[in-house]
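Good morning, colleagues. I shall present one chain today, beginning with its aromatic rings and ending with a loop. Please keep the sequence and the structure in view.

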Amino acid sequence: MQSDIRDVLWLDQVETVSITELAGLSGLSETDVRDLVDYGALAPANPGDAQWTFSANCVVTMRRACRLRTDLELDMHAVALALTLIEQINQLEAELAQLRAQQPRQPQ
């Protein structure tokens, strides 16, 4: 039995994937990935290099992008906007959780 790379790739900030791997793992085309970079929704780890690589964390975001594109039939510009807003919501929720953790507990 051969393992599928999607089953064994460890997704963290240390590992990197090529644009071809990112496209293959997410279900998007390389053109779609490049469009998301152009729209600012995705940043390569090495933007100055000819062959872009991405943090393995980007796989999750790109799978979300593929679902948004497929399920909602969005163009890549709309997908980029949705991804940006989702990221902002995630950051605000993390800040809110951190602030709540700093508050003294209220007696019940």
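One aromatic pair is present in the structure. Its members are tryptophan 52 and phenylalanine 54, arranged edge-to-face, with 6.3 Å centre to centre and 85 degrees between the planes. For this term, rings of Phe, Tyr and Trp (its six-membered ring) pair if their centres lie within 6.5 Å; planes under 30 degrees apart count as stacked, over 60 as edge-to-face and the rest as tilted.

Before continuing, I should state that this is a predicted model, in which local features need pLDDT of at least 70 and side-chain atom pairs count only at pLDDT 80 or more, while totals for chains, interfaces and linings use all residues. Residues are numbered from 1 along each chain as its sequence is written, and side-chain values use heavy atoms, with hydrogens and water left out.

Are the two rings buried or exposed? Tryptophan 52 counts as buried because its relative accessibility is 17%, and phenylalanine 54 counts as buried at 0%. Here buried means under 20% relative accessible area, exposed over 50%, and partly exposed in between, with a 1.4 Å probe and protein chains only. Tryptophan 52 also has the charged end of arginine 34 over its ring, 5.5 Å from the centre; the criterion is NZ of Lys or CZ of Arg within 6 Å of the ring centre and within 35 degrees of the ring normal. Leaving out residues up to four places away in sequence, phenylalanine 54 touches a list of residues including Val17, Leu22, Val33, Leu42 and Pro44, where contact means heavy atoms within 4.5 Å.

Let me turn to the fold. The chain contains five helices and two strands, in the order α-β-α-α-β-α-α from the N terminus. Helices (H or I, at least four residues) and strands (E, at least two) are DSSP runs, numbered from the N terminus. Of its 108 residues, 27% count as buried. Among contacts between residues at least 6 apart in sequence, 55% join residues at least 24 apart.

Which residues of the largest nonpolar core touch the most other members? Among its 23 residues, they are Leu22, Val33, Leu36, Leu42, Phe54, Met62 and Leu83. H2, H3, H4 and H5 each supply at least two residues of this core, and H4 gives the largest share, six residues. Such a core is a set of buried Ala, Val, Leu, Ile, Met, Phe, Trp, Tyr and Cys residues joined through side-chain atoms within 4.5 Å.

Helix H4 therefore merits a closer look. Its 15 residues, 58-72, should span 21 Å at 1.5 Å a residue, and the end C-alpha atoms are 21 Å apart, which agrees; the expected span is 1.5 Å times one less than the number of residues. Cys58, Val59, Met62, Ala65, Cys66 and Leu68 are buried in H4. The cover over these buried residues includes strand E1 (16-18), helix H2 (19-26), H3, strand E2 (53-55) and helix H5 (76-102).

In helix H3 (residues 30-38) we find aspartate 32. Aspartate 32 is buried, because its relative accessible area is 12%. Beyond its neighbours within four places in sequence, aspartate 32 is in contact with Arg69 and Met76.

Finally, glutamate 73 lies in the loop between H4 and H5. Its phi is near 55 degrees, a positive value in a residue other than glycine. With a relative accessible area of 71%, glutamate 73 is exposed.
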